[in-house]
Structure formats: structure tokens, C-alpha cells
Amino acid sequence: MVSTEAQYRLPTLAASAAETVPCGERGPSDILALLKSSLIGVGRQHLPEIAGVLDGSVPVNELPEERRFLALQGLGAWHQLIAIGQEFETSLERRLTERSGNATPGGFTDVLKRAAAKGVAHTSIATALDRLAVGPTMTAHPTETKRVTVLEIHRRIYRRLTDLVTREWSPHEEEAFREALLAEIELLWLTGELRLEKPSVLQEVDWGIHFFDEILFEALPTLVDRLLHAAGEYDGIAPPSGFLHFSSWIGGDRDGNPNVTTEVTRAALARYRLTALNSYRAPLKALMRDLSIGVSVTPPSSGFLEALDALLAQCGSERMRIESRNPGEPFRQYVATLLARLDATCANDRGESTDVAPFARSREFAANVQILGNALRDAGAPAAALRKVLPLEMRIRTFGFHTVSLDIRQNATVVNTALAEIFTMIDGYSSPRPGTREWTERLTLAHDGPVPDIDRVRLSRQSRDILDLFDLLTEARRRDPEAVGAFILSMTTSADDLLAVYLLVGWSAGPAFGTMPPLPVVPLFETIEDLRAAPDILSTVFSHRAVRRLIREAGDRQEVMLGYSDSNKDGGFLSSNWELAKAQTALRRIGQKFRIEVSFFHGRGGSVSRGGAPAGRAIAAQPAGTVNGRLRVTEQGEIVSAKFANRGTALQNLESLAAAVLAHTLEPADSARPDETGEFSEAFEALSGLSHVKYIDLVTKPGFINYFTEASPVEELSLLKIGSRPARRFGSTPRDLGDLRAIPWVFAWSQNRHMLTGWYGIGTALSSFTRVRGETGYALLRKMYETSRLFRLVIDEAEKILFQSDLAIAEHYSTLVQDQCGGRRIFDMIAEEHRLTRDMILSLTQEEGLCLRFPVFRSQQDAVRTQMDGLHRLQVDLLRKVRSDRETGIARSEDIDALLMTIHVISGGLGWTG
């Protein structure tokens, strides 16, 4: 029998890949070399040219047709292995840094040490820690092309790497681990990556739950422990254990997705709840196994025995079984009562009767677990309390009986349409049109009047569903206040939009209004125009007597969501960032005026064009005082799997996020930074205006929409079965940018390597500014680049996107435009601005080439550049062929599948989609 090593000819794993070797002596490519050689070994029997395909010497577009799909599959697997290897390397680097006695840059310890070095008082640190509230929010935007099956293989590959390189093994043991790694890579190669059917909303819910079951439930206690350890060096500081709170839109995001009905949301809430409840069974069973402390050795306190007796009394017929099973071991009995009551809670949810009392709320469960930990400490077992019980308590206080707080998102147009129909039915005549003075007066009258009796049978299905939804939210919040997060109102353009939602909230609560905190209503300001109008909108809402009372009952807090995607699509990259910063500062001042704490929910995506940037730098660049300990941020599409696919990566990303919020909070809130005052602010305003004008000039050019749809695979993206939501909000054919969602907008521009969403207009802005102001203007831009966090972030991220773009490839896509003359004009505009932006950024950074100061990023992109050229050429050929064949009705499924696979593999090579 031929051994695995002989069959695949794998090199022996060098000792330099072991964790114990110092970072400087370990080559950064060792892990990637191992993964690449493994993939070549596995793939050679399927595709003899696999080595050349991976290094780009054999362009995929030049392979025989019968082997190109296998080549695409191999490239897709390689891009995924690169990501896994980079995540693994990063995790090893962090451990080596900490073992050397240094703090990980951007981690909790680093942030607190820097604060102390700056002279920040302990009281200020304690206050900042006490305020810390970070909310990662998962969304199911259609940018994640990987199935759960593939994600599970990724996780197993990561584990096999951990087995293989983090310990010293005998040759036989090492061979066994190598064979295990090969088996997983083989499965990755042969697993079909394209979905055969679009996922349902509940399948997307299960996809999101996967990350909690596999990673986040277990990772959370370690994250809290890191903060406890970092703060432990400062006397008198007790960091919070509940600083992290997860939310989700999956199952509640109705905006443009008719598949998210009230019943689907009800089912999603049930699944999130069941997931949380089931997650506590394993740790409780482990405690029952481990807590074998006998009364003969260490008698527990009388208080603990009283607590045990109270729990036993709630266990009904289970009491006798619990007492007889572990006599003389009260800690085991105590845990058994918790498990019995947890099972009763699940049974009660299923509608089954039991004489064991279920838990009413997760707080009761957490309090009982806390009693157990205190009793262990009193009994002389503090280590057991710390390492076995406290992690469970932390999990319960974070995930409760809900896993995530489910946000509901709906478009203001849909809400207003439903309310107008209700007014028409109630009044007996046609309702005023939303946006008119009469509509405002009708809303005011409704807020001051009683709850109407609405005959839902007479309403349209959409209006009935809106009312049913608010009823469900009221019901769910009565049962568990944390199960529902907020109502996100997308495309908020006026105060009336918000008043309409508050009216429906009040109607649904009915007589129970005021007995529980009101449902938070969060405006989502997305376009440039709406960001500019946001302060006046919020001021009007805060002045409304009924709404002000509701906000007071909610603790005088108002969350505002900021849309990075649509503001970028609306005004371009530079203008979007500046308008977002200005809006935050203005909204914070409005909050101060009304004595309401305004916090921000950042709707960031994976790409730079949609707000994606390193968490530490992005948060540090927010205006002074606008974070103040509280921040929510969306984790969208493929970013969820990129950040939370394995424990080490999840911990690093969550700590970076929370530590960045903490660092921003520790800065003086009333000391505006240079980019927010004086000449910097004036310069930014001028640059934003210049960039905006240039961007608008492009996107409103005759033929631009046709150029976009024909020179990119935007229409073909809908064939990828990667999300339950349509590509357009209201199903119309795109006439202008407003008809198209921001995600496919960015996705498509990345596929054809124009990537203009991350840089267009910046070159003209910088050039015009320096042309008008001369050397003084150039000196000011240099000063801004050196000292303004926001300006530096914009320039650096635009530079990275410029480096990823490729105008030679982009020009190849432009040949797909049927109007060749019109297409050429648009491309020439883009190419000229690309050249100008590149030259102006290099002039500003004083570098010889793009991204020279980002060597890791540059090397990662260069590593796939050669193979990407063949991928793009194949995609262009397939687009031309499939489009031609579809017109005649004879498009082959093989060509369509290959086309979709190129989209998948290109996005993997770039590292993001939308």
C-alpha cells in the first residue's frame, strides 16, 4: 500500500512552523507552503496542471473546456486555504507576542497601558469600562458565497493545523495529523461550492446560528477573561462582564425581502431561543460530572443549602431522583436542579406540561449559577468557581435565552403605505399623502387620540403583516425583553417617518403601553441628503411630546444608524466619509441639547466602499465624543465567516473591536481633533464637495447605467443563489442608482476590477484643491495626512483599493458594452481619474509606488495577481457567450455554472465581495 506521503509527495513539515520557535526565525510562508503543497498533492490526480494553475503560469482561460471547472474549483479552494493560513499565522503571532511579554497592539492590555502612560486617571478608566457596550450585529446580506458545509471544512482544516504545528510530535503522530489535514483539503477540493437553490430565510438563520454553536458561545468567556486580566493591574477597577451583546438582522430584515414575513420572524425568534437554551446543557452536564465535592470533606454554607432546597422544591417529581443520585454531594445536586429546570423551560416552549418549574427569565438562571460560584469559593474551591462556573455565568449574561437580539428592519415607504391605508379605513375617506402638511397633521391627531379598532380583514396583506409584526414584537418582548433589539427604519427621510413607527408601536402595545420599556425605534440615514437632514429630523422628533416621553422611559437614549453603503453609492468615497463624520458630530450636539444620549450604529460592510476598514483605525477616526463607550456595527455577509470561523480569529476580532471602542472612550470627549475644527474642517469640506461633483458627473453621464450593467456581471449576480433577498428593493429594472442595492453595486465593480466605489473623485479633489491654493494648499494636505485620523484613513484605504484595481482588466470588461463609442467614453473618464488619483495620492504620501508602506497587504495581492488575470479573461469570455446564448434561448448550464464559479473565485481572490 502506498503511503499518503509517497502518494502526495508532501515535504516534511519544518520545525520552524512550530509555535515554540521565535517569530523572527519562522518564515511567514511556512503554513501557506504546507497548505499549497497539500492542495497540489490532492489535486494532481484530478487536474495535472494544478501547480501551474495555482501560480498563474497556466492561465485558467487557456485550459481545455472539460478541465476548466476543476481548475476553478482548485483556485477557489486555494483562495480559501490562503485565508485560513493567514488567520492561523495571525493567531500564532499574537501568542508569540504575548509570550514575549509584550501587549498585542490594539488589545485590551495595550489600550489600558497607553491610557495609563498618558496620565488618564483610574477613575476615568473605571468609568469608561463601566460604560463599555459593544454590539456586533450579524446580517444576511447576499455576499456570502460559502455554504455551511464548506465553513465546517474550513474549521476542521484550522484544527488540523493546530494539531500539526503547535506541538512536538513523534514521526508517526505527525504523519497521522498530516493525513488528517490532507483528508480535509481533499474534501474541500471535491465539495461543490455553488448553492443549488437559494437559501430560505430560516436557512440563513441556521447559517448565523452556526457561528454561535461552533465558536462564539465558547469564545465569549475567554474574551471577558482577557479584559479582566488587562484591568486587573489597576486597583479598584472592576470591568463589566456584560460589555458584549450580539444582535442579528437575520430573520428580521424585511427591507426589500418579501420572504421575511411575520411567521418567519416568529420562527426565527424561536430558533434563536432554542439555540441559547440548548447551549447550556453541555456545560451543566460537565459541572455535574466535575463538582464531586462531598459534604464530609467540605460542608457547604447554610445559605447554599437553603438555595439548594429552594431549587429542589421547584423540581417536582424530579426531586427524589436528584437527591437519590448524588447523596452527600450537594454541588452536583444543585447543578442537577438547574438542568432539570432548563429542560422544563424547553418543554414549556414546546407546549408540554411538566411539574418542574421552568425559568421565567435568563436572569433567574444566571443568578442561580452565580450562587453556585459563590458557594464554591466559600467552600475553598475558588479555582473551580473561576474556571468552571464563572464562564457559564458570563455566557448566560451575554446570550440569555435569546442568543441574539433580533432587530427588525423595514423601509419607511412600506410603513407609510400601510399607515395611509389604515387611516383611509378609519376615516372613511382617502388618507393624506405622506410628505404633505396634511399627513403631518393626521399623524399628530393619531398620536393624541385613542388606539383605534382596526378591521384587519379589510386591509391588504402587506398592511396586515405590518400590524401582525408589531403584535409579535410586543408579545416577544413581554416574554423576554432582550429577544427583540430595535426597529430599524431604513430610508428615513423625515421626522414623520419616525412618528409613523412610534404610532404603530403604541397601537400594538395597547393597554400594556408603559408597563415595559418601549421598543427602540432607530432611524437609518443612508444617503448624503438624509445625513445632512438628520439633525433637523432628530430635533423635530425629540420635540414631539409623546415620543419624548417614550425616549425618557427608555433611559433617555437614542440610537442612530448610519448607512455607509448608500451614502458611498450616492456621493462617492471621500464625500461619504466626510458627511458621516459631520452627521455624527451634529447629532451628538442635538442629543446634548435635549439631554438625550445619542449612540451610533455603523452599517459597515466588508469592502472599503461600504465602510470596511481595520476596526481600530476606523473607530479611532470617529469624531470626538461620538463613541462614548457605546457602539454597534454590522458584520455583513462574508465578513461573518472571515471574522468568526474559528476561535482564535473570533477572539482577536472581538477584542480589537471592543478595545477600539474603549480607546476612543478614554479620549477627552470635549477636545475636538484637528480634522474637526478650523482649516482642516474647511479643507475637508472643500475636498468633499469637489469629489462629490466629480463623482456625480460620472454616474449621471448618458450611458453610464448601461456601461455598469454591461461591463460587469451585476445582472448575473442574481443567478448566484447566495441570499434570500432580491437584488433590488422593489423589483424594478434599474433606471438609476437609486433602484439598485449598494451591495451588488460594490460587488460588480470589484468583479470587473474598476473598484471605483473606493477611490473615484479623490484625484480631482486633491488636484483641484492644490491648483487653487498652490503650495499652501499642498502643505495643508500634507499636514492633514500626517495628523488627521479621518483624512489618513480615507487616503490609505483608497490607496489600497487603487492597488487592487486593474485598469488593463477593466478595459477588457469594457469591450462587453454594446455601444462601443459610449462605453469607450465612460472607460476613458474612469481611467483618467484613476491615473490622477494614483498620482495625487503618491504625491501626498511621498512614496515611489502604491502600498509600499503596507507590505503584507501588497504581498497578499501580488501573490494572486497572475492567476487572477486568467480568471477575469475567462469571465469576460463567458459573459459574452452566456449573454449571446441567452438571447437565443440556448445558454448551456455548463457555461452558466462556470461563469458563476468565476464570480465566486474572483471574490475569494480579492478577499471580499460587497
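## Helix packing, cores and a few single residues

Helix 35 and helix 36 sit roughly antiparallel to each other, and this is a predicted model. The angle behind that label is about 155 degrees, and anything over 145 counts as roughly antiparallel. The axes of helix 35 (residues 855-888) and helix 36 (residues 893-910) are 9 Å apart. As for handedness, helix 35 passes helix 36 in a left-handed crossing.

Who does the touching here? On the helix 35 side, the contact is made by Q861, V864, M868, L871, H872, L874, Q875, L878, L879, K881, V882 and D885. Facing them from helix 36 are D895, I896, A898, L899, T902, I903, V905, I906, G909 and L910. Sorted by class, the contact of helix 35 with helix 36 has 14 nonpolar, five polar and three charged residues.

**The chain as a whole**

Stepping back, the protein chain has 36 helices and eight strands. It runs to 914 residues, of which 59% count as buried. Take the contacts in the chain with a separation of 6 or more: 82% of them join residues 24 or more positions apart.

**Helix 9 against helix 16**

Now for another helix pair. The axes of helix 9 (residues 201-231) and helix 16 (residues 382-399) come within 9 Å and cross at roughly 110 degrees. That crossing angle makes helix 9 roughly perpendicular to helix 16. The crossing of helix 9 past helix 16 is right-handed.

Helix 9 brings F212, L216, F217, E218, L220, P221, V224, D225 and L228 to this meeting, and helix 16 answers with R387, P391, M394, R395, T398 and F399. The class count for the contact of helix 9 with helix 16 is ten nonpolar, one polar and four charged residues.

**The nonpolar cores**

Which residues touch the most other members of the largest nonpolar core? They are L216, F365, L372 and F487, in a core of 156 residues. Helix 9 gives the most to this core, with 17 residues. L216 belongs to the helix 9 side of the contact with helix 16 as well. Setting aside neighbours within four places in sequence, L216 is in contact with M138, F211, F246, F399, F644, A650 and L654. There is also a second, separate core of 116 residues, with L181, I185, V746 and V864 among its members. V864 also turns up on the helix 35 side of the contact with helix 36.

**Around helix 23 and H692**

Helix 23 (residues 564-571) is largely enclosed by the rest of the structure, because seven of its eight residues are buried. The buried ones are Y564, S565, D566, S567, N568, K569 and G571. Just after helix 23, G572 takes a positive phi of about 90 degrees.

H692, in helix 28 (residues 678-699), reaches this part of the chain. Not counting residues up to four places away in sequence, H692 touches I528, R532, D570, G571 and S575. From H692 to I528 is 164 residues in sequence, yet 10.0 Å in space, C-alpha to C-alpha. Buried or exposed, where does H692 fall? It counts as buried, since its relative accessibility is 17% and the cut-off is under 20%.

**Residues in loops**

Three loop residues are worth lining up.

| Residue | Loop | Relative accessibility |
|---|---|---|
| R595 | helix 24 (573-594) to strand 7 (597-603) | 72%, exposed |
| M755 | helix 30 (742-751) to helix 31 (762-787) | 1%, buried |
| Q818 | helix 33 (807-814) to helix 34 (820-845) | 64%, exposed |

Most residues other than glycine have a negative phi. R595, which is not a glycine, has a positive phi of about 60 degrees. M755 is another non-glycine residue with a positive phi, near 55 degrees.

Q818 has partners from elsewhere in the sequence. Leaving aside neighbours within four places, Q818 is in contact with E710 and E887. Q818 and A711 are 107 residues apart in sequence and 9.2 Å apart in space, C-alpha to C-alpha.

Note on methods:
Residues are numbered from 1 along each chain as its sequence is written. This is a predicted model: local features need pLDDT of at least 70, side-chain atom pairs count only at pLDDT 80 or more; totals for chains, interfaces and linings use all residues. Side-chain values use heavy atoms; hydrogens and water are left out. Axes are lines fitted to C-alpha atoms, for helices over the stretch in contact, and angles run from 0 to 180 degrees between N-to-C directions. Helices (H or I, at least four residues) and strands (E, at least two) are DSSP runs, numbered from the N terminus. Angles under 35 degrees count as roughly parallel, over 145 as roughly antiparallel, 65 to 115 as roughly perpendicular and the rest as oblique. A crossing is left-handed if the near helix is turned anticlockwise from the far one by less than a right angle, and right-handed if clockwise. Contact means heavy atoms within 4.5 Å. Ala, Val, Leu, Ile, Met, Phe, Trp, Tyr, Cys and Pro count as nonpolar, Asp, Glu, Lys and Arg as charged, and the others, Gly among them, as polar. A nonpolar core is a set of buried Ala, Val, Leu, Ile, Met, Phe, Trp, Tyr and Cys residues joined through side-chain atoms within 4.5 Å. Buried means under 20% relative accessible area, exposed over 50%, partly exposed in between (1.4 Å probe, protein chains only).
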